[in-house]
Structures are given as C-alpha cells and as structure tokens.
Amino acid sequence: MLAPVSNLTLTKAVDREVRVDRVTFVATARLPYVRKRLGVASRISSLIKNEGFRRIVAADADTVAILRLTGVGKVLEKDFSALLREELAIFNSSFLGFARDRLKAKPAFADKKPRGTRSRAFLHSDGKSGWLRSEVLTGFGQEVDGFWLRSARENFFFPLLAVLRKDVGVAPSWRSDLRNAAVLLGQSQTASDLPLAFLLNMIALELLVTSQSDKVVDALPQRAEAFLGWTGYWASDGFGERIRDLYRKRCLLVHQGRRDGISLEDVVFSDELLLNLLSNLVRHPKLFGSKDDVVEFSERFKAEQLLGIDTGVRPRTLRAQFRVIGRGQELERAF
C-alpha cells in the first residue's frame, strides 16, 4: 500500500527516508531509486502512466508512506489503513520537543496540501466599529532535517523505535503500552481542540506510569517524582500539586464534561512531563523492561525518602528538560 502524506518534507539529513516500524515514509523523488527494496516491483515511470497512481506519487505531497503485508489485498485493506494511521501518529509524536506550534500544519494522509486560514470578526455593540483576526493554519508543514534528527536522537523517538522494532528486549505488554502511549501523544500533537489534546496526553501519562490497582491521583505524581524529583523545578514550581491538579481536571472533563478549566499551560505542562518520562523510560530498557519495573522503581524510591537514605535507586543517567515551567508565561501560539 502506498499513500501520499502531505505537510511532510524529508531532507537529505535523514536520507529522505524514515521508517517507524512497519511503515516507511520516503520522499517521492527518492522512490524510483528505492522501490525494489520497499517492495515495489514495477518501475515508477511505468506506474505513473496510470492517472490514479500518478496522483499518489506525483501529487503535491512530497512524501509517500509504504507498508507491506502478506495476505489477500482486499481482505487486508482495513489493516493497511489502521497501521498507516497508527504509525503516522507515532511519527507525529517525534515533533514533541522539536516543534510546539500547533497551528503549523502537521503531516496527514492527503493527496494535496490543505490551504486555509482561521478568521474571526469582532463587532462592538454600536455596530460601527470592530476588528478582524486571522491566522494561517498551514504554512510549510514539518521539515524532517538535521535539527529534527538531533531531537529524535537526544529525546525519546529513536530509542522508542528500537523498542517497537524489537531491537531492544522488553516485556510484550510493556512494548504495547509504549506504542499506544506514542500513538496517543502523536494524536495529541495534531489535535486542534485543546481539551482533546489534554485528555490524550493524560491517558498517555497514566498508561506509562500507573497500573489498574493504583489510586491515580496519588500514584501519578509519586511515579513522576521518582523520575524527575531530582530537578530543581520539582519543589520550586510545585510539580507534585500541579500534577494532581492536572488529574482533577482530567476527571472533571471525563465525568462531568467540564472543558472550561483546562488551559494551554495545562497542555504544555503535560507535554513536558510526557517528553521527559518517555525519554527516561525508553533510554533505560534494562531497568524499565515492564510496567512492574516502573512501579517497583517508584516504590523503592519512596522507601528511600521515608528512611532518609540514598541507596542509589535512581540512576544518575536520568535526564530532564523543561522549556516552559511557570504559570502565566507567554507560550508559543497554539490552538
């Protein structure tokens, strides 16, 4: 299956090709040179004589997604589409920590780049004056270049791919949790609705560090502290209480439909938590090879705190980066 992807430009920095797990994203200009390796037996020059196929590889989209499955094509069509959507979401998760502007067009399955603006007119009650506000919703999309490559290496994306491809051994259920969390995170990155983006982030956070038997409102900050409590921000910026506040807002949204209390700062803070937690989890697969390992690590850290000792439970290789911390700071435009 080949599908055009709009708003995604793969540069020479990544050899104009990125594979997630089963799906490979390749620049349309590169496709004729790698078609055999990717399973396309016919020459691209021959295929584009067909108008329908020409729309796929010679459309406005600069990138094509390719996926190979074994079986009867018509029977597998739904599986093809589901895997493509899922792995595009995982790919979109890589833009966390690299690009936060949610008004910027995100990669999507489309033959052509969508165009448009978001405009509003504000009129005073006297009907004689007012003002207009417009925002460009597309721009140039995402460019996967050397800066993206460095971010993908330094943060969670490439270590995550190693886990998903089974190049690194972890428990199968944990691999599934990590994959689902990345899908949710990618969907959040492309969501145009603030409460939806927030909810997707919160589900991903819970999936990564809590279990079914937990009282989540307490477990979520406790597990996060085990990974991030060593940073100076944890105490000075009240991270523990802020995480509890996120969970309370999540419950109000899910159980009472309360959308009004969710702010842009809440979404960005949950973005930052996910970036750091996921990076630390996938960078230490021997230490965190299952959900039970995550829970046990947190419990051992809690015991250290109660006893007032340091037995070296927390590895010195944990890392953290928070670009937006305090409440009320001016954030990059979003939603």
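Tutor: A residue counts as buried when its relative accessible area is under 20%, as exposed when that area is over 50%, and as partly exposed in between. The structure above is a predicted model. Both Asp-245 and Lys-249 are buried in it.

Student: What makes Asp-245 and Lys-249 a salt bridge?

Tutor: The closest N and O atoms of Asp-245 and Lys-249 are 3.7 Å apart. The cut-off for a Lys or Arg nitrogen and a carboxyl oxygen of Asp or Glu is within 4 Å, so the pair qualifies.

Student: Where do Asp-245 and Lys-249 lie?

Tutor: Both are in helix 11, with their positions four residues apart in the count, or about one turn of the helix. Elsewhere, Asp-21, Glu-86, Glu-87 and Arg-179 are joined into one network by salt bridges that share partners.

Student: How many salt bridges are found in the whole structure?

Tutor: The search finds 14. One of them is between the side chains of Glu-17 and Arg-30, at 3.2 Å from N to O. Glu-17 belongs to strand 3, while Arg-30 is in the loop between strand 4 and helix 1, 13 residues apart.

Student: Why is Glu-17 called buried?

Tutor: Its relative accessible area is 17%. The limit is under 20%, so Glu-17 is on the buried side of it.

Student: What makes Arg-250 and Glu-206 a salt bridge?

Tutor: Their side chains meet at 2.9 Å, N to O, and the limit is within 4 Å, so the name applies. Arg-250 lies in helix 11 and Glu-206 in helix 8, so the pair ties together parts that are 44 residues apart in sequence. Both Arg-250 and Glu-206 are buried.

Student: How many aromatic pairs does a search of the whole structure find?

Tutor: There are 12. In one of them, the rings of Phe-239 and Phe-269 have centres 5.1 Å apart and planes at 70°.

Student: Why is the pair of Phe-239 and Phe-269 called edge-to-face?

Tutor: Two values decide this. The centres must lie within 6.5 Å, and 5.1 Å meets that; the planes must be over 60 degrees apart, and 70° meets that, so the pair is edge-to-face. Phe-239 is in helix 11 and Phe-269 in helix 12, so parts that are 30 residues apart in sequence are tied together. Both Phe-239 and Phe-269 are buried.

Student: How do you know that Phe-288 and Phe-297 are edge-to-face?

Tutor: Their rings are 5.1 Å centre to centre, with 80° between the planes. The angle is over 60 degrees and the distance is within 6.5 Å, so the same name fits.

Student: What makes Phe-288 and Phe-297 buried?

Tutor: Phe-288 has a relative accessible area of 0%, and Phe-297 has 4%. Both values are under 20%, so both residues count as buried.

Student: Which residues do ring pairs link into a cluster?

Tutor: The cluster holds Phe-25, Phe-91, Phe-95, Trp-148, Phe-157 and Phe-158.

Student: How do you know that Arg-242 lies over the face of Phe-269?

Tutor: Arg-242 is at 4.1 Å from the ring centre. The distance limit is within 6 Å, so that part of the test is met. The test also asks for a position within 35 degrees of the ring normal, and Arg-242 is listed as lying over the face.

Student: What makes helix 6 mostly covered?

Tutor: Six of its eight residues are buried. They are Phe-157, Pro-159, Leu-160, Leu-161, Val-163 and Leu-164. These residues pack against strand 3, helix 4, helix 5, helix 7 and helix 12. Just after helix 6, Lys-166 takes a positive phi of about 70°.

Student: Why is Leu-307 called exposed?

Tutor: Its relative accessibility is 63%, and the limit is over 50%, so Leu-307 counts as exposed. Leu-307 lies in helix 13. With Leu-306 and Ile-309, Leu-307 makes a nonpolar surface patch of about 350 Å².

Student: Why is Gly-39 called partly exposed?

Tutor: Its relative accessibility is 40%, which is neither under 20% nor over 50%, so the middle class applies. Gly-39 is found in the loop between helix 1 and helix 2.

Student: What share of the protein chain is buried?

Tutor: Buried residues make up 50% of the 335 residues. The chain has 13 helices and nine strands.

Technical notes
Residues are numbered from 1 along each chain as its sequence is written. Side-chain values use heavy atoms; hydrogens and water are left out. Rings of Phe, Tyr and Trp (its six-membered ring) pair if their centres lie within 6.5 Å; planes under 30 degrees apart count as stacked, over 60 as edge-to-face and the rest as tilted. Helices (H or I, at least four residues) and strands (E, at least two) are DSSP runs, numbered from the N terminus. Buried means under 20% relative accessible area, exposed over 50%, partly exposed in between (1.4 Å probe, protein chains only). Patches are made of residues with over 30% relative accessible area and no salt bridge: like charges are joined within 9 Å, nonpolar side chains (Val, Leu, Ile, Met, Phe, Trp, Tyr) within 5 Å. Accessible areas come from the Shrake-Rupley method with a 1.4 Å probe; for residues, only the protein chains shown count as cover. Contact means heavy atoms within 4.5 Å.
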